[in-house]
Amino acid sequence: MLSRDVCLRLRSAFLDHNYSVDAVVDLIGEPAHRALGRNSTVAAVRAIGGRTDPLSVLTSLWPLQQPVDRAAVAQALPGLLEPLVAAELLATDGPLVRAMVDIRPYASDDGSTGWVVSDLSPGLDTVVSPIRPDFVLGVSPASTTLAQLTVRQPVGRALDLGTGCGVQSLHLARHADTVVATDLNPRAIELAGLTFALNQIDVDLRLGSMYEPVEGDLFDLIVTNPPYVMSPPQSDSERLTYREGEWAADGLVRHVVQRGADLLAAGGTLQVLANWAHLRGRDWADRLADWIRPTGCDALVIQRETLDPYEYIELWLTDAGLAGSSDYVQRYRQWLDYFERLDLEAIGMGWIVLHKTARATPQVQIEHWPYGIEQPIGPAIAAHRLAVELEQQLDDADLLATRWVIAEDVIEESVATPGSADPRHIIFRQQRGFRRAVEADTALAGILGACDGELSLGQIINTVAQILAVDGSALVAEVLPRVRMLVRDGFLAR
Ligand SMILES: C[S@@+](CC[C@H](N)C(=O)[O-])C[C@H]1O[C@@H](n2cnc3c(N)ncnc32)[C@H](O)[C@@H]1O
């Protein structure tokens, strides 16, 4: 572990040398930076071309994992080489120095910047190497997805469950008064501690499984990207802690959701990135609703993708560095046997958002929405919560009395057979947020088209009923449930 003084001096060196995402991109160029995102270092190493200025040295040492001349490192990090070697963050090898962990700059679209400490990226330049069970993952696409879906509003207490390299806490520290971060893996606690020290953020780090280290606490916001990978049972020494738990199938995700709800303060939010099982003969959305309803929380579940068992197994065997290894086929078979025992036919991947309300009947919305969305999606999730509050407060008479306005970002699309006078489909599509699309029949399209704030919904439905020569009360009964959904999903506002 580094002393506080060494951390501060390392931070100063990073600031002095502008060791930032933008500067690294400027140094190696956008295409080489994208290649690095694909785990390919060749373009970036070529761009640096053996330069020994401090920014080139830091970039070579950490993101590129290159051996660097000892004198150049000593010059870039004056007085720091020895303590970093003593702390096993760097290692010397004759005249060369190598990184033992990764320390790389971080920047996000919410303005979070800093440095993140994690284990070295495995599989650079396709080198196949098995991953150690206590491996601490760096910032991954899943980390970014969770950061983007988190609602960034000021909160009192926030929990980063399974902090890993600490990236979620970097974000939380910007809008939470207090941040608690937990992890089962002592190595993660150590590396996250370095991340927090380098960024000078105050995070209460606690070692332990799931919610055990925070039993009795309440939080306004809990975010987690837990180890949700559904892999065959393994011993503690074999299990990859960063992605696998000891629960069968998706039991860990159910635990995170159900137990997390208990730790939410009134009005609090739990945001989980997760995988869930599609079991043969059982509707996946009903299964998730069965987990969620007992919590008494409002919920928004978005399934972003589904994979069949083969796609899933191949994805995670490759992630573990096992593609090309001699036991790949045997592990593939084992995994398939496990899925057969579970009666699992597909895997859903997506987001679970719970919101603690005092409502008698919580609003649980579960949907498959694999289409393009606006990122970050957090503001749309916050807006959805407000829209649900509004819709739940209004009885049918209120809904009919309201002068609704169709949201500014909604466009209407008509799809017609060439030459035909009438459209085959009318679609109302959002341009922002979830970019949802709903199909409307002639009556609903007429009603939505007239929602400009002039007339109440009741007046509009009556007028449309007269034009179409249909019964007004029947049209009210047909349209109101859809209007409720359109209010919740942000198509209609007051
Ligand atoms: C996929 S990583 C997420 C890391 C980080 N939060 C992020 O967003 O990138 C999952 C983290 O959960 C931790 N973990 C695994 N099992 C756990 C458990 N039972 N309780 C708490 N944390 C656990 C792992 O050590 C790992 O750091």
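Me: Which residues does Ile222 touch, leaving out those up to four places away in sequence?
Reply: In this predicted model, and not counting residues up to four places away in sequence, Ile222 touches Leu159, Leu161, Gly260, Leu263, Leu264 and Leu270.

Me: And what about the largest nonpolar core, which residues have the most contacts inside it?
Reply: The largest nonpolar core has 100 residues, and Val117, Cys165 and Ile222 are the ones with the most contacts inside it. Helix 10, which covers residues 186–199, gives this core its largest share, namely eight residues. The core also draws at least three residues from each of domain 1 (4–99) and domain 2 (141–387).

Me: Is there another core apart from that one, and what residues are in it?
Reply: Another core, made of 25 residues, lies apart from it, and among its members are Ile406, Val410, Ile461 and Leu492.

Me: You mentioned domains, so how is the protein divided?
Reply: The division gives domain 1 (4–99), domain 2 (141–387) and domain 3 (394–493). The centres of domain 1 and domain 2, taken over C-alpha atoms, are separated by 32 Å.

Me: How many helices and strands are there overall?
Reply: The protein has 19 helices and 18 strands, and its C-alpha atoms fill a box of roughly 90 × 55 × 50 Å along the principal axes. Of its 494 residues, 39% count as buried.

Me: Switching to strand 5, why can I call it largely enclosed?
Reply: Strand 5 (residues 113–119) is largely enclosed by the rest of the structure because six of its seven residues are buried. Strand 5 pairs with strand 4 (residues 101–107) in the antiparallel sense, over seven bridges, and in that pairing Asp102 has Ser118 of strand 5 as its bridge partner.

Me: What sits between strand 4 and strand 5 in that hairpin?
Reply: The hairpin has five residues between the strands, and in it Gly111 takes a positive phi near 95 degrees.

Me: Now strand 3, which side chains point to which face there?
Reply: Along strand 3 (residues 96–99) the side chains alternate, with Val97 and Ala99 pointing to one face and buried, while Leu96 and Arg98 point to the other face and are not buried. This fits a general pattern, since in a regular strand the side chains alternate between the two faces of the sheet.

Me: Which residues stand opposite Val97?
Reply: Val68 stands opposite Val97, and Thr92 stands opposite Val97 as well. As for the strands themselves, strand 1 (residues 68–69) pairs with strand 3 in the antiparallel sense over two bridges, and strand 2 (residues 90–93) runs antiparallel to strand 3, joined to it by four bridges. The hairpin of strand 2 and strand 3 has two residues between the strands, and Gly94 there takes a positive phi near 60 degrees.

Me: Okay, the ligand: which residues come nearest to it?
Reply: There are 23 residues around the ligand, and Ser143, Gly162, Gly164, Leu184 and Asn185 come nearest. The residues of this shell divide into nine nonpolar, twelve polar and two charged. Helix 8 (141–149), helix 9 (167–172) and strand 7 (176–183) each supply at least two residues of the shell.

Me: Which residues of helix 8 are buried, and what covers them?
Reply: In helix 8, Ser143, Leu146, Ala147 and Leu149 are buried. The cover over the buried residues of helix 8 includes helix 9, strand 9 (219–224), strand 10 (264–279), strand 12 (344–355) and helix 15 (378–393).

Me: Where is Thr52, and why does it count as partly exposed?
Reply: Thr52 is in the loop between helix 4 (42–48) and helix 5 (54–61), and it counts as partly exposed because it has 15 C-beta neighbours inside 10 Å. Leaving aside neighbours within four places in sequence, Thr52 is in contact with Val57, Asp69 and Ala72.

Me: Last topic, what backbone details should I look at around Asn39 and Pro376?
Reply: Asn39 has a positive phi of about 75 degrees although it is not a glycine, and Asn39 lies in the loop between helix 3 (30–37) and helix 4. A cis peptide bond, with omega about -5 degrees, joins Gln375 and Pro376, and Pro376 lies in the loop between strand 13 (364–368) and helix 15.

Terms used. Residues are numbered from 1 along each chain as its sequence is written. This is a predicted model: local features need pLDDT of at least 70, side-chain atom pairs count only at pLDDT 80 or more; totals for chains, interfaces and linings use all residues. A residue is near a molecule or strand if its C-beta atom, placed from the backbone, lies within 6 Å of it. Ala, Val, Leu, Ile, Met, Phe, Trp, Tyr, Cys and Pro count as nonpolar, Asp, Glu, Lys and Arg as charged, and the others, Gly among them, as polar. A residue is buried if 20 or more other C-beta atoms lie within 10 Å of its own, exposed if 12 or fewer, and partly exposed in between; C-beta atoms are placed from the backbone. Two strands pair if DSSP finds at least two bridges between them. A nonpolar core is a set of buried Ala, Val, Leu, Ile, Met, Phe, Trp, Tyr and Cys residues joined through C-beta atoms within 7 Å. Domain bounds come from an automatic or database domain assignment. Two residues are in contact if their C-beta atoms, placed from the backbone, lie within 7 Å.
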